[in-house]
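Please load the structure in your viewer and keep the selection panel open. The stops below follow one another, each with something to select and a note on what is there.

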Amino acid sequence: MMETIGTWLAVFLTLSMFSFLYKDNPFYKFAEHLFVGASMGYAIPYTYYNVFIPYTYNPIFLRHDYILIIPVIIGIGYWFRFSQKLSWISRYPIAFGMGIVGMGVPMSIHAQVLVQMRTMMLPLTSINLILIFIGSVSILLYFFFSKAHTGLYGKFTKIGIWFMMIGFGASFGYTVMARISLLIGRIQFLLSDWLGIIK
Amino acid sequence: MNFSDSIQKIDRRYIYIILAIVVILPLIFPLGLKTFTTPPVRNLYKTIDAAAGKPNKAVFMDFAQSPSTLPELYPMDIAILRHCFLRNIKVFTISYYPQGAAIIQMAIAEVKEEFPNIRQDVDYCNFGYKAWALRLPITLGMGDNISEAIETNGAGLRLDNLPIMKDIKNYDNIQICVEISGAAPGYIYITYARARFGVNVGIGVTAVSAADFYPYLQTGQLVGILGGLKGAAEYEELVETFAQNGLPYSAEYAENPTLKEEQYDLSKVPYKFKKARIGMDSQAIAHLLIILFIILGNIGYFLDRKNEKKKFIK
């Protein structure tokens, strides 16, 4: 019974969302607001019981692990963002967070810069590697603005534009696929779970 | 209104209706278009498959998902879990999103219906939801000791006491970390688990962000990528062709859908295990339609430009 009610409710909300394709209307607005509210409503108690209780309340009050009070105080500091007078306190937890980001910089440079560069500099033994090499160099040169894009240099940077256009095209194609996939997912729900047409 | 104007000013609601029709009809009347598998998906499949039947190896799955990405990512979840259960591969699941934890439970429950002998905390273990702030310490801590880094499973039981952990200690026992995500999958595993501990990393990603991750594939930092519904469909196909039939992976069969057709009848596959493949018929037709609209729009644009030039000459 509950499953049937849930399915009908989901159908109503799905159709309410689709109604925006005709024009903005109260059904769409209701479904949109309900989605945002339900997401937050779900996350807050879930986080309370799965994060605050096991990682803060239990260790401090039941196991008397008082050292955890320090990170709790740092965390509470974030809440002072809402006070005009005391918002400076929130800079401490932010600084702490930035320190963690800083800790990741060497690893990030290795994983996202050095390894990428090393691969680009491999011996150009295949057509793929040659294309990657030409594409990388021509795009980097396109973004070197201290020299006018004229003559031979300009022609080479134009190759960079072509590479970028191909990249944007691939991204656009994938984006279209993503949007259509979402539509397919909802239609599958309507045809399968609700109407039982596809099995 | 002349022809060029009329094709450029079509009411968008007509386009939506046409699009809805081309998506709905192939779902009701399947066209049976073939699913071709691609190297990134095949590599991911092969890497996971290499852990088959090994008690000291496990697949680690991170569900960085929310309901809004379910149509693309959920078929991937199901296909990978099914692959692991079919091949007797241990699976660990985790989510740093509250909604992701519910998706894990839903996916495991759905796949388990076909596998009555699969036991929780013996064949698979759901670590459940962990706070986002713990992501970095857990990812790094797993390099030393998984039981210490994660401590408890989703039900609050200590990992030390679970049978599944008997032969599993750290990343040496993780065959691959697969993050299936609607945002920026794999970065934390590429940056920390891969760079520091040499773990294999694979990702499942919504099509919107798939193109961004190919450079990591080129460098070998990612073993494989499942990109959107197409990636999920390919993985489903490989699972159906090999794991479901108890066959070892064969490049010859994987690359040739004509040979695969003789192995199974798609109509007999349960709906939940072919969700992505069924959707690909609609996907293909919808893409053709969009290409057609793009061509029409361009024809209109060039006709307009030609007319304007003529007016200017007069």
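A residue counts as buried when its relative accessible area is under 20%, as exposed when that figure is over 50%, and as partly exposed in between. The model on screen is predicted.

**Stop 1: Thr47(B)**

Select Thr47(B), which sits in helix α3, residues 39-49 of chain B. Is Thr47(B) buried or exposed? Its relative accessibility is 14%, so Thr47(B) counts as buried. Next, show what surrounds the residue. Beyond the neighbours within four places in sequence, the contacts of Thr47(B) are Gln175(B), Ile176(B), Asn200(B) and Val223(B).

**Stop 2: the whole of chain B**

Zoom out and select chain B. Its C-alpha trace spans about 85 × 45 × 35 Å along the principal axes. Colour the chain by secondary structure: there are 14 helices and six strands. Of the 314 residues in chain B, 54% are buried.

Contacts can be sorted by sequence separation. Taking those in chain B between residues at least 6 apart in sequence, 76% join residues at least 24 apart. Turn on the surface of chain B, and the accessible area comes to about 13,600 Å². Carbon and sulfur atoms account for 57% of that area. For charges, chain B carries 33 positive and 31 negative side chains. The centres of these two sets lie 6 Å apart.

**Stop 3: Ile150(B) and Glu151(B)**

Select Ile150(B), in helix α7 of chain B. Ile150(B) has a relative accessible area of 2% and is therefore buried. Which residues does Ile150(B) contact, leaving aside its neighbours within four places in sequence? They are Phe60(B), Ile94(B), Phe127(B), Lys130(B), Ile138(B), Met142(B) and Leu159(B). Now add Cys84(B) and draw a C-alpha to C-alpha distance from Ile150(B): the two are 22 Å apart in space and 66 residues apart in sequence.

Move on to Glu151(B), in the loop between α7 (146-150) and β4 (174-181) of chain B. With a relative accessible area of 38%, Glu151(B) is partly exposed. Check the backbone here too. Most residues other than glycine have a negative phi. Glu151(B) has a positive phi, near 70 degrees.

**Stop 4: Asn88(B)**

Another positive phi in a residue other than glycine is found at Asn88(B), where the value is near 60 degrees. To find Asn88(B), select the loop between α4 (70-86) and β2 (90-95) of chain B.

**Stop 5: salt bridges within the chains**

Side chains of opposite charge can pair when their charged atoms come close. How many salt bridges are there over all chains? The count comes to 15.

Start in chain A with Asp24(A) and Lys29(A), whose closest N and O atoms are 3.5 Å apart in a salt bridge. Asp24(A) is partly exposed at a relative accessible area of 42%, and Lys29(A) is partly exposed as well, at 41%.

In chain B, select Asp123(B) and Arg119(B), which form a salt bridge with an N to O distance of 3.8 Å. Asp123(B) is buried, with a relative accessible area of 15%, whereas Arg119(B) is partly exposed at 48%.

Then select Glu237(B) and Arg277(B), a salt bridge with an N to O distance of 3.4 Å. Glu237(B) belongs to helix α11 (residues 228-243) and Arg277(B) to helix α14 (residues 275-313), so the pair ties together parts of chain B that are 40 residues apart in sequence. Both Glu237(B) and Arg277(B) are buried. Extend the selection to Arg82(B), Glu236(B) and Glu240(B): salt bridges that share partners join these with Glu237(B) and Arg277(B) into one network.

**Stop 6: where chain A meets chain B**

Finally, show both chains and select the residues in contact across them. Chain A contributes 45 residues and chain B contributes 51 residues. Between them the two chains bury about 4,200 Å², with 70% of it on carbon and sulfur atoms. Which residues of chain A lose the most area to chain B? Select Met107(A), Tyr174(A) and Met177(A), which together make up 14% of what the chain A side buries. A search for salt bridges between chain A and chain B returns zero.

Definitions and conventions. Residues are numbered from 1 along each chain as its sequence is written. Chains are lettered from A and ligands numbered from 1 in the order in which they are written. This is a predicted model: local features need pLDDT of at least 70, side-chain atom pairs count only at pLDDT 80 or more; totals for chains, interfaces and linings use all residues. Side-chain values use heavy atoms; hydrogens and water are left out. Helices (H or I, at least four residues) and strands (E, at least two) are DSSP runs, numbered from the N terminus. Buried means under 20% relative accessible area, exposed over 50%, partly exposed in between (1.4 Å probe, protein chains only). Contact means heavy atoms within 4.5 Å. Accessible areas come from the Shrake-Rupley method with a 1.4 Å probe; for residues, only the protein chains shown count as cover. Lys and Arg count as positive and Asp and Glu as negative; His and the chain ends are not counted. The place of a charge is taken as NZ of Lys, CZ of Arg, CG of Asp or CD of Glu. Buried area is the accessible area (1.4 Å probe) that two parts lose on being put together, summed over both. A salt bridge is a side-chain nitrogen of Lys or Arg within 4 Å of a carboxyl oxygen of Asp or Glu.
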